[in-house]
Structures are given as structure tokens and as C-alpha cells.
Amino acid sequence: MEVPILKQGDVLIATFQAALSDADLNQLRSGLVRQVVRFRSRGVIVDVTAMDVMDSFASRTLREIAHMIRLRGAETVIVGIQPEVAFAMVQLGLTLEGVATALDLEEGLIYLNEKFETMH
Amino acid sequence: MSDGEIQVAINSDQDIILARQKGRALATEIGFASSDATLIATAISELARNIVSYATKGQITLKAVNGANRQGLAIVASDQGPGISDVPQALRDGFSTSGSLGMGLPGVRRLMDEFEITSQPGRGTTVVTKKWKQ
């Protein structure tokens with residue numbers, strides 16, 4: 001299932017709908033980077049609220065997305081990691097080191113807007 | 001409650017999702033708390049991923065198990081892949097031969113309560129891991 005990417009001003013929002021296959025995640029990675037270039041976006045929000053499991057592949061892909069987008073000069077924030085998913089990630093030894101996270105979409109937008117202000 | 005085994009053939013990344021969804025459903029049926037069902041689903045995801053990455057194909061078997069005064073869920077992940085020549089090394093954090101994070105096996109061991117691995121180079125690998133209901 002492909003992840004829809006919405007454009008909201010300077011920000012792109014990708015919302016995970018359900019369990020994503022590796023192929024879907026790879027597609028999201030290339031799609032997001034392409035769109036950031038196309039729209040000259042300054043921020044990206046990846047909403048993983050609906051994600052049932054965050055395994056090593058998914059968390060590595062999210063980290064790669066954030067780092068690639070940073071190289072474009074834009075910021076990424078991952079929002080909506082469920083408490084149970086966070087618990088499993090810690091047990092598994094997965095960290096999203098160097099990647100901003102926020103509680104939900106609203107907090108993610110606040111985070112990005114604060115970032116944009118300090119960028120001026 | 002179903003007392004049969006659930007078998008999921010693992011041939012592609014799509015099967016990883018199927019296996020963990022079936023695992024979560026079985027965990028819920030056995031009566032695991034939702035947080036434990038997530039741990040079990042995550043362990044299945046990692047084990048199925050190891051099969052796809054290292055052995056290309058294999059099988060995940062899920063079953064309800066009974067211990068002394070307790071119920072649990074067992075995951076058996078087996079493949080006829082290249083096997084692991086140094087199992088203790090594969091169980092250390094940070095070790096990988098496929099360019100992945102290499103956290104699969106030690107991570108799975110932390111997610112679950114019991115963990116056994118048998119592997120023969122050239123013959124394949126079988127991981128049996130269990131989680132008991134609190």
C-alpha cells in the first residue's frame with residue numbers, strides 16, 4: 001500500500017495507513033525525497049500513528065529518510081509512535097538517533113514552525 | 001481457542017507482514033495484553049526478516065503452548081538457508097553479515113522469554129522462542 005504524501009505550505013505530510021511492506025517503505029523514501037526537491041519543502045512530517053510494528057528495517061528506513069532530507073536542507077519529524085511500539089523498539093535496541101520525534105501531527109507542526117523561525 | 005499450529009510460508013517481504021499479523025491475532029486470542037502482543041509481533045517481524053534476508057525463504061510456525069500453570073505463545077522460525085557459522089557472534093549486539101543493523105537475534109531474545117537457536121552451516125537455521133503470559 002503506497003503512502004499518500006500531502007503538501008501543506010512548506011511542509012510535506014506522509015501518513016502511514018497500515019502495516020507497510022519493505023517495498024512500500026523504500027517507495028516512501030524515494031517519493032519523499034523527490035517531492036521535497038520538487039516543492040522545495042522545508043519540513044517533512046512522517047505520521048506513524050497507524051503503524052503496528054516498528055522493526056529494525058522500518059526504523060532504519062525512517063532514519064535514512066530523515067538524514068537524506070536533512071542533506072537537502074529540510075527538517076523531518078516523526079510523529080505518533082504508539083507507546084507499545086516505543087516499548088518494543090527500546091527492547092529491540094532500536095533508536096531513532098538524530099531524528100526528531102513529536103507526540104502527534106499538531107506537535108510536529110509546532111516543532112517545524114519553531115525550526116523555521118530560527119532558520120531566518 | 002484454536003489448538004492447531006499456524007504456519008506461514010516466508011518467501012517475500014509481504015509475508016513478513018502476514019506472519020506478524022497472524023502472531024498478533026494468536027497472542028490476543030491466548031489473552032496476552034496488547035503491549036505483549038506488540039512485542040510478539042515485533043519479534044516475528046525480525047525473525048521473518050532474517051529468513052528473507054539470509055535464507056530467501058523459510059517458514060514461521062506459531063502455536064499456543066502450555067507450561068506449568070501458565071500459557072504462552074511459541075514462534076518457530078526455520079529455514080534451509082546458509083546457516084550461521086558462529087552462533088554466539090550472531091547473538092551479540094551489533095553483529096550482521098547482511099549490511100543490516102544486526103540487532104535481529106539479540107533483540108528478539110530481549111523481546112521474548114525463552115530463546116533457542118540451532119544452526120548448521122549449509123543446512124539452515126531454526127529459532128524457537130516463547131513468551132509467557134504474565
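These exercises walk through a predicted two-chain model, each with a worked solution.

Residues are numbered from 1 along each chain as its sequence is written, and chains are lettered from A, with ligands numbered from 1, in the order in which they are written. Because the model is predicted, local features need pLDDT of at least 70 and side-chain atom pairs count only at pLDDT 80 or more, while totals for chains, interfaces and linings use all residues.

**Exercise 1. Chain A as a whole**

Task: Work out which helices and strands chain A has, and in what order they come.

Solution: Start with the inventory: chain A has four helices and five strands. (Helices are DSSP runs of H or I with at least four residues, strands are runs of E with at least two, and both are numbered from the N terminus.) Next, read along the sequence, and the pattern is β-β-α-β-α-β-α-β-α. Then look at the overall dimensions: the C-alpha trace spans about 40 × 25 × 20 Å along its principal axes. Finally, 36% of the 120 residues count as buried. (Buried takes 20 or more other C-beta atoms within 10 Å of the residue's own, exposed 12 or fewer, and partly exposed lies in between; C-beta atoms are placed from the backbone.)

**Exercise 2. The two sides of a helix**

Task: Find which residues of helix α3(A) are buried, and why they share a side.

Solution: First, locate the helix at residues 83–92 of chain A, where V85(A), A88(A), M89(A) and L92(A) are buried. These cover an arc of only 105 degrees around the axis, which puts them on the same side of α3(A). (The arc is that of the directions from the helix axis to the C-beta atoms.) Now turn to the other side, where P83(A) and V90(A) are exposed. As for partners, the buried residues pack against α2 (56–71) of chain A, and also against α2 (34–55) and α4 (104–111) of chain B. Just past the helix, G93(A) has a positive phi of about 85 degrees.

**Exercise 3. Where the chains meet**

Task: Establish how many residues each chain brings to the contact, and which helix of chain A supplies the largest share.

Solution: Begin with the count: 18 residues come from chain A and 22 residues from chain B. (Two residues are in contact if their C-beta atoms, placed from the backbone, lie within 7 Å.) On the chain A side, α1 (22–39), α2 and α3 each supply at least two residues. The largest share, six residues, comes from α3(A).

Now cross over to α4(B), where G104(B), L105(B), G107(B), V108(B) and L111(B) are buried. Seen down the axis, they fall within an arc of 160 degrees, so they line one face of the helix. Their packing partners include α2 and α3 of chain A.

**Exercise 4. A hairpin in chain B**

Task: Describe how strands β4(B) and β5(B) are joined.

Solution: Place the strands first: β4 covers residues 114–120 and β5 residues 124–132 of chain B. They run antiparallel, with seven bridges between them. (Strands pair if DSSP finds at least two bridges between them.) For one bridge, take F115(B), whose partner in β5(B) is T129(B). The two strands form a hairpin with three residues between them, and G122(B) in the turn has a positive phi of about 85 degrees.
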